[in-house]
Amino acid sequence: MRILFASSEARSLIKTGGLADVSADLPTALSELGHEVRLVLPAYLDSKAKHAWKKLGTLALPPPFPPVEVLEGILPDSQVSVWLIDAPLYFDRAGNPYLSPDGHEWPDNHLRFGLFGQAIADLALGGAPTHWRPDILHCNDWQTGLAPALLSDRPHRPGCVFTIHNLAYQGLFPRSAFDELELPHHLWNPEALEFYGQLSFIKGGIAFADRLTTVSPTYAREILTPEQGGGLEGLLAKRANVLTGILNGIDTHLWDPRHDRFIAHLYDPTDRAAKAVNTSALRTALGLENIASLPLLAHIGRLVEQKGIDLILTALEPLLAAGRAQAVILGSGEKRFEQGLEKLAMRYPRMIATRIGYDEALAHRIEASADAFLMPSRFEPCGLNQMYSLRYGTVPIVRRTGGLADTVIDASPEALLEGKANGFVFDEISSAALSVAIERALDAWHKPDLWAALVAAGSACECDWRTRAREYVELYRRML
Ligand code: ADP
Ligand code: GLC
């Protein structure tokens with residue numbers, strides 16, 4: 001099959017979160033299964049600088065857009081061909097793909113991703129300059145949402161899949177953006193791109209794609225409810241017959257404690273003593289007191305409301321104060337959370353290390369060192385770090401939501417008896433509920449046999465992309 005995969009991020013070129021991991025790993029897995037895949041992204045300044053690109057030719061776009069150049073290259077460490085949409089006026093900006101250096105969204109994001117959507121739609125029809133006609137167009141998140149809408153009335157278009165990675169980001173703009181984009185008039189109605197008087201990019205994908213997917217079976221059910229549907233639950237319910245949840249995988253080569261190039265000491269996840277060598281090295285490197293008799297708790301992620309970082313701050317303080325656990329946290333995001341973390345680190349410098357920023361190598365070292373990983377997310381479409389944790393013998397403590405509910409099995413007596421338990425799961429969104437789960441984990445950490453059983457079940461997790469990519473292939477096949 002020929003698959004055109006469209007995304008605004010892909011690891012090795014540009015990354016703000018898990019979308020970038022999926023957009024690198026799924027196309028790679030599809031191509032390893034023998035399919036012909038092209039990955040299309042905007043030509044951000046940083047992505048252009050990371051690689052050698054060949055000019056393929058010019059793509060003429062309808063007004064209000066200028067013609068754009070299509071650049072061709074290979075996604076690093078893969079066989080996947082990449083096309084970059086080079087529109088310097090829109091994408092020649094360094095740093096975060098969505099935000100200006102002051103942390104606000106770029107004021108012309110509707111034009112930037114409007115142009116991207118139009119370019120995807122044109123490439124999907126297979127004309128110049130690519131002369132390559134896909135069987136399937138696979139779009140991801142709001143940044144690609146206009147493409148399915150623009151293709152909807154084209155007679156010879158490919159089958160179109162739209163994947164929702166996070167319904168909290170919808171690409172909403174004022175009505176004037178619709179006019180500025182010179183979009184076809186029939187798309188301005190509540191069945192199409194209009195969302196309570198605003199222009200919604202994500203509705204383009206949800207209303208017009210032939211098939212919808214999201215990144216875990218539980219999230220696929222949750223987004224049909226008013227609590228998690230972000231106002232789109234009605235439309236999603238209408239389309240529920242074409243909506244499925246396919247769990248994300250992880251790159252099991254990149255995330256393998258036996259071969260990880262970033263960590264101090266390679267280890268088998270079931271070998272607790274070998275893992276402890278990394279724990280000790282990290283404590284020293286980050287300036288923590290090296291207390292082997294205390295468990296090390298960790299968190300890595302975007303510091304936003306979704307991730308429940310406020311719950312972590314509240315639950316950790318008494319543990320640090322009483323000298324019952326140590327912690328390491330890596331992330332960046334909202335100032336209030338960054339400041340909260342820095343304050344805690346100043347108060348308990350020997351007990352908690354916090355690093356504000358994005359640091360891939362440190363993320364690996366933390367997974368290889370921590371005893372338990374905290375993910376008290378308010379919602380989590382899939383989540384990747386709980387799966388890295390399972391592979392690294394780092395026991396996840398998670399809230400029962402989205403992909404966390406689908407990958408982490410609570411250490412209940414029954415699950416332990418069946419050898420399935422691999423972590424700790426709680427329900428209520430509160431620091432008290434998180435604290436109870438952490439207490440259960442601390443208790444288990446002091447019981448070597450119990451801990452070993454959790455780690456063994458976790459490290460056996462089958463979370464590679466090969467299996468998951470087959471589910472997408474099955475879905476594509478049913479559409480042809
Ligand atoms: P989301 O996409 O909502 O941010 P995921 O769990 O799906 O959440 O993916 C987050 C990805 O980004 C993971 O690969 C995680 O390791 C990585 N990540 C997030 N923040 C950081 C950071 N500060 N440093 C290094 N890696 C990070
Ligand atoms: C989103 C979600 C996250 C998911 C990722 C990749 O950013 O927040 O849960 O794992 O996309 O699908």
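1. Ground rules. Helices (H or I, at least four residues) and strands (E, at least two) are DSSP runs, numbered from the N terminus. This is a predicted model, in which local features need pLDDT of at least 70, side-chain atom pairs count only at pLDDT 80 or more, and totals for chains, interfaces and linings use all residues. Residues are numbered from 1 along each chain as its sequence is written, chains are lettered from A and ligands numbered from 1 in the order in which they are written, and side-chain values use heavy atoms, with hydrogens and water left out.

2. Cis peptides. Proline 129 sits in the loop between helix H4 (109-124) and strand E6 (136-140). The bond leading into this proline from alanine 128 is cis, with omega near 0°. A cis bond also joins proline 63 and proline 64, where omega is about 15°. Proline 64 belongs to the loop between strand E3 (54-59) and strand E4 (68-74).

3. Backbone at serine 12. Serine 12 is not a glycine, yet its phi is positive, about 85°. The residue falls in the loop between strand E1 (2-6) and H1.

4. Ligand 1, surroundings. The shell holds 20 residues, and the closest are Gly18, Arg302, Lys307, Gly357 and Leu384. A residue counts as near when one of its heavy atoms lies within 4 Å of the molecule or strand concerned. By class the shell has six nonpolar, eight polar and six charged residues. For these classes, Ala, Val, Leu, Ile, Met, Phe, Trp, Tyr, Cys and Pro count as nonpolar, Asp, Glu, Lys and Arg as charged, and the others, Gly among them, as polar.

5. Ligand 1, polar contacts. The test is a pair of N or O atoms within 3.5 Å; within protein, one must be able to donate a hydrogen and the other to accept it, and residues adjacent in sequence count only if both atoms are side-chain atoms. A polar backbone atom of glycine 18 is 2.6 Å from an oxygen atom of ligand 1. Arginine 302 places a polar side-chain atom 2.6 Å from a ligand 1 oxygen. For asparagine 385, a polar side-chain atom is 3.4 Å from an oxygen atom of the ligand. Alone, ligand 1 exposes 560 Å², and the protein buries 92% of that. Accessible areas come from the Shrake-Rupley method with a 1.4 Å probe; for residues, only the protein chains shown count as cover.

6. Ligand 1, placement. Helix H1 (18-32), strand E13 (296-303), strand E14 (326-333) and helix H14 (385-391) are the elements that give two or more residues to the shell. E13 gives the most, with three residues. Ligand 1 lies between domain 1 (2-249 + 465-479) and domain 2 (272-459), because both give residues to its shell. The domain bounds come from an automatic or database domain assignment.

7. Ligand 2. Thirteen residues surround ligand 2, and His165, Asn248, Glu380, Cys382 and Gly383 come nearest. Glutamate 380 has a polar side-chain atom 2.5 Å from a ligand 2 oxygen. For glutamine 306, a side-chain N or O atom is 3.1 Å from an oxygen atom of the ligand. The matching distance for asparagine 166 is 3.2 Å. Taken alone, ligand 2 exposes 310 Å², of which the protein buries 93%. The shell divides into five nonpolar, six polar and two charged residues. H1 supplies the largest share, three residues. Domain 1 and domain 2 each give at least three residues to this shell.

8. Second largest pocket. Its volume is about 260 Å³. Of its 19 lining residues, Arg272, Lys275, Ala276, Asp371 and Trp445 are closest to the centre. On a 1 Å grid over the protein atoms alone, a pocket is an open set of points with protein on both sides within 12 Å along at least five of seven lines, and lining residues have an atom within 4 Å of a point. H10 gives the most to the lining, with six residues. The lining has nine nonpolar, five polar and five charged residues.

Definitions and conventions: 1 Å grid on protein atoms, 1.4 Å probe; cavity = no way out; pocket = protein on both sides within 12 Å on 5 of 7 lines; lining within 4 Å. Points joined across faces, edges and corners; volume = space filled by probe spheres on them.
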